[in-house]
Amino acid sequence: MSLLIAEDLYKTFGEKTLFDHISLTIEEKERVGLIGVNGTGKSSLLKILAEVEQPETGTLTHAKQFHIEYLPQNPEFHENLTVLEQIYYGDSQLMRTMRAYERLVAELENQPEDEAVRQRFFQIQQQMDALDAWEASTLAKTILNRLGIKAYQKPVNELSGGQRKRVAMAKALIQPADLLILDEPTNHLDNKTIEWLETYLSQYPGALVLVTHDRYFLNRVVKKIYELDHGKLYAYEGNYEVFLEKKAEREALTIQDERKRQNLLRSELAWLRRGAKARSTKQKARIDRVHQLQEQDNVMPTGSISFQVGASRLGNQVLEIEDITKSYDHKTLIKSFSYLVVPGERLGIIGPNGTGKSTLLNMMAGLMAPDSGEIKTGQTVKLGYYRQSDIDIDGSLRVIDYIKEKAEMIHTADGQWISAEQMLERFLFPRPAQRTFVRRLSGGEQRRLYLLKVLMEEPNVLLLDEPTNDLDTTTLSILEDYLDHFSGVVITVSHDRYFLDRVIDHLLVFEGEGNIQRFEGNYSDYLASEKSTPSPSKHKQDSPQFQGSQRRQSPRLKLTYKEQKEWEGIEERIAELEAEQERLEGDIQAAGSDLGRVQELFNEQKEIEVKLEEAVERWTELSIKVEEIERSKR
């Protein structure tokens with residue numbers, strides 16, 4: 001049964017068309033993800049579905065008793081309410097009763113002997129019984145605890161921005177709703193809380209529509225994906241993994257259709273230019289056909305976004321952290337911590353919110369000094385720091401001028417030069433958009449622009465503080481591609497598990513009370529170790545200082561004869577598969593409008609991709625084993 005039907009929605013923002021007469025349907029208990037490049041209108045569409053905003057044209061249809069609960073990116077609060085009063089805020093009898101109960105609990109604590117208060121408390125208990133509200137009350141406090149909010153009676157206006165977002169999420173989760181709409185729910189949540197939220201939403205009784213950049217979250221929670229792209233809406237049945245496969249197929253077909261259109265247009269134009277003799281009615285029809293072909297609005301895929309930007313030369317000395325300690329508001333965040341960052345480091349930093357992760361980055365960047373200890377920076381280090389907050393973006397500048405403030409040209413790894421305009425295009429700002437004022441960009445577009453400005457500095461040490469917040473999945477793919485080819489050091493604080501798995505190879509784990517432990521492996525390895533053993537296999541600091549390149553000790557190993565032969569030939573095997581993949585891509589382009597041949601080649605290409613992925617995975621397994629063998633010999 002359809003809960004909500006949106007038909008023929010049209011909306012613009014300035015000169016940009018966000019929705020070009022799009023339609024969608026939300027079914028009962030459906031799990032829907034909405035994705036698209038920042039600035040395409042994802043948040044605007046959620047607001048329209050939640051009836052917070054109205055489209056310029058189009059209609060929404062749903063039942064009269066239909067209730068939507070909506071969590072915006074930047075929720076508004078009643079500043080004079082406490083945490084519990086805020087999450088119980090609503091017009092339903094259940095919410096009114098729970099608010100009254102919490103107020104009377106506080107009154108009774110202050111006036112335990114007041115008979116009138118005790119009588120009102122007895123009456124509200126009876127109302128709680130009649131509405132079966134105790135379970136909802138327990139659920140609300142459980143959710144708050146899991147979200148890290150324990151001061152239930154604290155006024156909302158005394159909470160930090162991240163805490164306020166979590167209070168708003170708790171309110172959205174406990175309110176009875178037919179449809180729950182969440183805009184970037186994983187922002188400001190640590191990894192463990194995100195994992196809990198995944199489990200909770202899998203059991204949510206209503207329908208769910210969400211926007212998130214967290215690709216693991218999308219893959220595990222949603223069963224249908226809508227993609228907003230240049231004002232159009234595309235539907236994909238399945239999770240994020242299926243979406244990637246289906247989108248690749250759609251874009252391949254779009255390329256084929258565009259080639260056919262261009263070929264037909266060229267032949268029609270050639271016919272007209274030859275001045276072919278024909279009946280006037282027939283000639284008029286062909287002229288009209290040319291005009292129709294020219295006016296077709298075919299949106300081509302973005303295409304390749306791969307690029308390798310050069311980096312400044314980096315010497316052997318990068319960052320040396322010597323026995324640093326840092327406290328804030330009488331709370332020890334970092335205690336007697338030492339670490340040596342080495343060239344080529346790929347380091348992730350994880351841990352609960354408020355434990356000092358961003359503080360460590362700020363000290364590495366020289367923006368904050370430790371209370372004791374020292375951080376030494378190598379003479380050749382050129383830092384690029386993507387900060388989570390407190391960034392200065394001048395909205396009065398045009399996009400191109402904002403980037404040119406940093407550099408008009410940068411050089412690539414192979415010695416070529418790329419202009420600021422070309423880099424903007426690679427970061428999904430086409431030439432017309434580059435003349436737009438920065439203030440007219442969406443929040444996500446501004447963050448993408450800020451990221452590009454940091455990379456335009458050509459750093460050799462890159463510090464990233466929560467880079468996945470407010471960036472769309474396409475931009476994250478661009479960043480990951482950049483980091484794959486980046487020759488310098490990468491140190492990132494992130495809660496995005498997919499990003500951590502793609503980018504880093506070991507972790508610093510903030511455990512609270514100033515304790516920081518090192519773990520060898522990516523985030524999925526860390527999670528597996530947490531679940532498989534009572535005491536996680538983390539590296540303790542056995543001495544005041546330990547190397548960034550240090551590895552776990554392993555028993556002596558050796559390759560079997562079969563593994564040795566496989567290891568000797570696997571790189572050649574991968575190179576052959578990559579060459580075959582490139583050949584098939586060329587054949588697909590050459591096939592043009594021969595749909596049968598294109599489909600045949602496309603199937604071959606998918607088979608090669610599977611074999612290549614298997615070969616790379618096997619190379620990874622063997623290379624890890626070879627490294628362990630080499631270390632055991634030292």
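A residue is counted as buried when its relative accessible area is under 20%. By this criterion, 48% of the 634 residues in the chain are buried. The structure is a predicted model, with a mean pLDDT of 82 over the chain and values of 70 or more for 83% of its residues. Confidence is low in one segment: across residues 535-556, pLDDT remains under 50, and the model has 55 contacts beyond four places in sequence for this stretch. The chain contains 19 helices and 20 strands. Of the contacts between residues at least 6 apart in sequence, 68% join residues at least 24 apart.

The largest nonpolar core comprises 52 residues, within which Ile87, Leu173 and Leu201 have the most contacts. Helix 6 (residues 161-174) supplies the largest share of this core, with seven residues. Leucine 173 touches Ile143, Leu180, Trp196, Leu197, Tyr200, Leu201 and Tyr204, residues up to four places away in sequence being excluded. A second core, separate from this one, has 46 residues, among them Met423, Leu462, Leu507 and Tyr523. In soluble globular proteins, nonpolar side chains tend to be buried together.

Several of the residues touched by leucine 173, including Trp196, Leu197, Tyr200 and Leu201, are also buried residues of helix 7. This helix spans residues 191-202, and its end C-alpha atoms are 17 Å apart, in agreement with the 16 Å expected for twelve residues at 1.5 Å a residue. Because nine of the twelve residues are buried, helix 7 is largely enclosed by the rest of the structure. Its buried residues also include Asn191, Thr193, Glu195 and Glu198.

An open sheet is formed by six strands in the order 14-17-18-12-19-20, with mixed pairing. Strand 14 (383-386) and strand 20 (515-520) each have a single partner strand and stand at the edges, so one side of each lacks a neighbour in the sheet. From one strand to the next, the twist averages 15 degrees. Strand 19 (residues 506-512) runs antiparallel to strand 20 and is joined to it by six bridges. In this pairing, leucine 507 has phenylalanine 519 of strand 20 as its bridge partner; leucine 507 also belongs to the second core. Helix 14 (residues 443-455) lies across strand 14 and strand 17 (461-465), and runs at about 170 degrees to strand 14.

The loop between strand 17 and helix 15 (473-485) contains threonine 468. With a relative accessibility of 0%, threonine 468 counts as buried, because the cut-off is 20%. Apart from neighbours within four places in sequence, threonine 468 is in contact with His213, Leu476, Ser494, His495, Asp496 and Phe499.

Two loop residues were examined for backbone geometry. Most residues other than glycine have a negative phi. Lysine 29, in the loop between strand 2 (16-27) and strand 3 (31-35), has a positive phi near 60 degrees. Its relative accessibility of 62% places lysine 29 among exposed residues. For aspartate 132, phi is also positive, near 55 degrees. Aspartate 132 is located in the loop between helix 4 (115-131) and helix 5 (134-146), and is exposed, with a relative accessible area of 53%.

Note on methods:
Residues numbered from 1 in each chain as written. Predicted model: local features only at pLDDT ≥ 70, side-chain atom pairs only at ≥ 80, totals over all residues. Heavy atoms only, no water. pLDDT = per-residue confidence, 0-100. Contact = heavy atoms within 4.5 Å. Pairing = 2+ DSSP bridges. Helix = DSSP H or I, 4+ residues; strand = E, 2+ residues; numbered from the N terminus. Axes fitted to C-alpha atoms, helices over the stretch in contact; angles between N-to-C directions. Core = buried A, V, L, I, M, F, W, Y, C linked by side-chain atoms within 4.5 Å. Buried < 20%, exposed > 50% of the residue type's maximum accessible area, 1.4 Å probe, protein only. Expected span 1.5 Å × (residues − 1).
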